[in-house]
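Hi everyone, thanks for coming. Today I'd like to walk you through a ligand site, so let me put the structure up on the screen.

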Amino acid sequence: MKENEKELVDLDEEGNVTGEKIEKKPKKNDYTFKIIVTLIIIGIIVLAGILVYKQYNKMSHIELIVAEDYDEMSRKAANIIADLIKKNPNAILGLATGSTPVGTYNELIQKNKNKEISFQNVTTFNLDEYIDLDKNHPQSYYTFMYEHLFKNIDINLAKTHIPKGQGDSKLNVQNYENLLHNNKINLQILGVGRNGHIGFNEPGTPFDMGVHDVELHNKTIKDNARFFENDISKVPKKAITMGIRNILDSETIILMANGTNKADAIKYVMSHKVDVNIPVTALQIHKGKVYVIVDKKAASKL
Ligand code: F6R
């Protein structure tokens, strides 16, 4: 402080003070002001950087794999599933129905026939089932899984689980929730609806919901009519499904999609924006690894 003052007063030849303080050194204040402003700007830039990093880091668990076509998508997904089973022969898999995973199931059947993997100790839990559709109806998810996978591999059927769509709904929901509570899914396979649904979790389903019954949306009923002789009246209107909470509880997720009609859903899941009206965006807040494996058409809006 004293040093500063000396510089600000008038001195005679011998160095005595002769006058009042002359002028304050304006540069000093200017520098302080400039330094403060610079620090504030740097602070803002660093803060913005942290926010952007955090936002993008939310997605760092999502690995996007764009395959040439449906077959390559199916092979890539099957290889990840096979690697898990090789590492952990007691793996617990979450399975989906629909057209998307059929190619993957075929690849897995091949790998089982080649003795590359065995399903003997694997346990499975399916995502969903129609309500009030006979278990043995050709379009029940029970029949679907049996025909497309279980009957063709060495799995122990007692270790396969599909939610019950017949009987006491409340009890069925509770039983499946309990089963999932006691069995942590290592790898969940998902397809996605055009409206972004996963399982039968339609837009607006809270992300913290567990197993529950649902009324299917018109869009989903229309999409599924192709499996019921294109007759909407034959499509079941209700289903029992794992909730998004159950899906997010799994360690790893593989989301698959092919075709241009899935391009919007894939754009949303990769959008860095979590939206309860687009259920698939919940994968952005998954705690584990998520593989998004799509063909070029489903990736066309990225
Ligand atoms: C089926 C399921 C559904 C389907 C979705 C896409 O178990 O959970 O969410 O994954 O409707 O169906 P596909 O694959 O037929 O386009």
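Before I point at anything, one term: by a polar contact I mean a pair of N or O atoms within 3.5 Å. And please keep in mind that what you see is a predicted model.

With that, let's start at Thr100. One of its polar side-chain atoms is 2.4 Å away from an oxygen atom of the ligand. His197 also uses its side chain: a polar atom there lies 2.7 Å from a ligand oxygen. Gly199 takes part through its backbone, where a polar atom is 2.7 Å from an oxygen atom of the ligand. How much of the ligand's own accessible area does the protein cover? The answer is 91% of 410 Å².

Now let's step back to the whole shell. There are 15 residues surrounding the ligand, and the closest ones include Asp128 and Lys262 alongside the three I just mentioned. By type, the shell has four nonpolar, eight polar and three charged residues.

So where does the ligand sit? You'll find it in the largest pocket, which has a volume of about 640 Å³. The lining of that pocket is made up of 34 residues, and nearest its centre are Thr97, Gly98, Ser99, Asn224 and Arg226. Sorted by type, the lining has 13 nonpolar, 15 polar and six charged residues.

As for the secondary structure around the pocket, β6 (128-130), α5 (141-148) and α7 (218-224) each give at least two residues to the lining. The largest share belongs to α5, with five residues.

That's my tour, and I'm happy to rotate the view for anyone who'd like another look.

Key: Residues are numbered from 1 along each chain as its sequence is written. This is a predicted model: local features need pLDDT of at least 70, side-chain atom pairs count only at pLDDT 80 or more; totals for chains, interfaces and linings use all residues. Side-chain values use heavy atoms; hydrogens and water are left out. A residue is near a molecule or strand if one of its heavy atoms lies within 4 Å of it. A polar contact is a pair of N or O atoms within 3.5 Å; within protein, one must be able to donate a hydrogen and the other to accept it, and residues adjacent in sequence count only if both atoms are side-chain atoms. Accessible areas come from the Shrake-Rupley method with a 1.4 Å probe; for residues, only the protein chains shown count as cover. On a 1 Å grid over the protein atoms alone, a cavity is a set of points where a 1.4 Å probe fits but cannot get out, and a pocket is an open set with protein on both sides within 12 Å along at least five of seven lines; lining residues have an atom within 4 Å of a point. A molecule sits in a cavity or pocket if more than half of its atoms lie within 2 Å of its grid points. Ala, Val, Leu, Ile, Met, Phe, Trp, Tyr, Cys and Pro count as nonpolar, Asp, Glu, Lys and Arg as charged, and the others, Gly among them, as polar. Grid points are joined across faces, edges and corners, and a volume is the space filled by probe spheres set on the points. Helices (H or I, at least four residues) and strands (E, at least two) are DSSP runs, numbered from the N terminus.
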